[in-house]
Amino acid sequence: ITCCSDDPKIVSRRKKNLEMLGVKFKEIHCLNYTESKSDLLNSYSPTIWVEDRSEGAEAGHEAGHKALLRTTTYNDKFDHPEIQRISSWPDVLRYLK
């Protein structure tokens, strides 16, 4: 679940970028920036949820997922005792192993 745009060209690029990570995704949902991810998060069984926005990490946590928050300049002040921080996609891959 990613917020990028509903523009088909942008969606296509986002999907290619995610596929380049080397992780197989069963589904990729692309939402507009203003859409909430909560409904989709609640529709999935608990799993690992990677997010860069603190609001999205909290939504994932509230939906029962293990939320991993990628540290950025716009979320570096956020703190939550049950949301783990990561610094890069390789950190996510190490977490999955």
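The following dialogue reads selected features of a predicted model.

Visitor: In what order do the strands of the open sheet lie, and is the pairing parallel or antiparallel?

Guide: The order is S3-S4-S5, and the pairing is parallel. Strand S3 (48-51) and strand S5 (84-86) stand at the edges with a single partner strand each, so one side of each lacks a neighbour in the sheet. On average, neighbouring strands of this sheet are turned by 30° against each other, direction ignored.

Visitor: How many bridges join S3 to S4, and how many join strand S4 to S5?

Guide: S3 and S4 are joined by 4 bridges. One of the pairs places Ile48 opposite its bridge partner in S4, Lys66. Strand S4, residues 66-70, is joined to S5 by 3 bridges. There, Leu68 has Gln84 of S5 as its bridge partner.

Visitor: What general idea helps in reading side chains along a strand?

Guide: Side chains in a regular strand alternate between the two faces of the sheet. As for what lies against this sheet, helix H3 (residues 54-62) lies across S3 and S4 and runs at about 170° to S3. Helix H4 (residues 89-96) also packs on the sheet, where it touches S3, S4 and S5, and its direction makes about 170° with that of S3.

Visitor: Through which helix does the chain cross from S3 to S4, and is the crossover right-handed or left-handed?

Guide: Between these two parallel strands, joined by 4 bridges, the chain passes through H3, and the β-α-β crossover is right-handed. After H3 comes Gly64, which has a positive phi near 95°.

Visitor: How should one read the burial pattern of a helix such as H3, and which of its residues are buried?

Guide: An α-helix has 3.6 residues a turn, so residues three or four places apart point the same way. In H3 the buried residues are Ser54, Gly56, Ala57, Ala59 and Gly60. Their cover includes helix H2 (38-42), S3 and S4.

Visitor: Gly60 is on that list; what does Gly60 touch?

Guide: Gly60, located in helix H3, has a relative accessible area of 0%. Since buried means under 20% relative accessible area, Gly60 counts as buried. Apart from residues up to four places away in sequence, Gly60 touches Leu41, Trp49 and His65. Trp49 is 11 residues from Gly60 along the chain, and their C-alpha atoms are separated by 6.3 Å.

Visitor: Which residues make up the largest nonpolar core?

Guide: In soluble globular proteins, nonpolar side chains tend to be buried together. Here the largest nonpolar core has 9 residues: Leu41, Trp49, Ala57, Ala59, Ala63, Ala67, Leu69, Phe78 and Ile83. H3 and S4 are the elements that give two or more residues to this core. For Phe78, leaving aside neighbours within four places in sequence, the contacts are Ser54, Glu58, Leu69, Ile83 and Arg85.

Visitor: Where is Ser88 placed, and is Ser88 buried or partly exposed?

Guide: Ser88 belongs to the loop between S5 and H4. Its relative accessible area is 23%; because the buried class ends at 20% and the exposed class begins over 50%, Ser88 is partly exposed. Ser88 and Leu69 are 19 residues apart in sequence, with 9.7 Å between their C-alpha atoms.

Notes:
Residues are numbered from 1 along each chain as its sequence is written. This is a predicted model: local features need pLDDT of at least 70, side-chain atom pairs count only at pLDDT 80 or more; totals for chains, interfaces and linings use all residues. Side-chain values use heavy atoms; hydrogens and water are left out. Two strands pair if DSSP finds at least two bridges between them. Axes are lines fitted to C-alpha atoms, for helices over the stretch in contact, and angles run from 0 to 180 degrees between N-to-C directions. Contact means heavy atoms within 4.5 Å. Buried means under 20% relative accessible area, exposed over 50%, partly exposed in between (1.4 Å probe, protein chains only). A crossover is right-handed if, with the strands pointing away from the viewer, the path from the first strand over the helix to the second runs clockwise. A nonpolar core is a set of buried Ala, Val, Leu, Ile, Met, Phe, Trp, Tyr and Cys residues joined through side-chain atoms within 4.5 Å.
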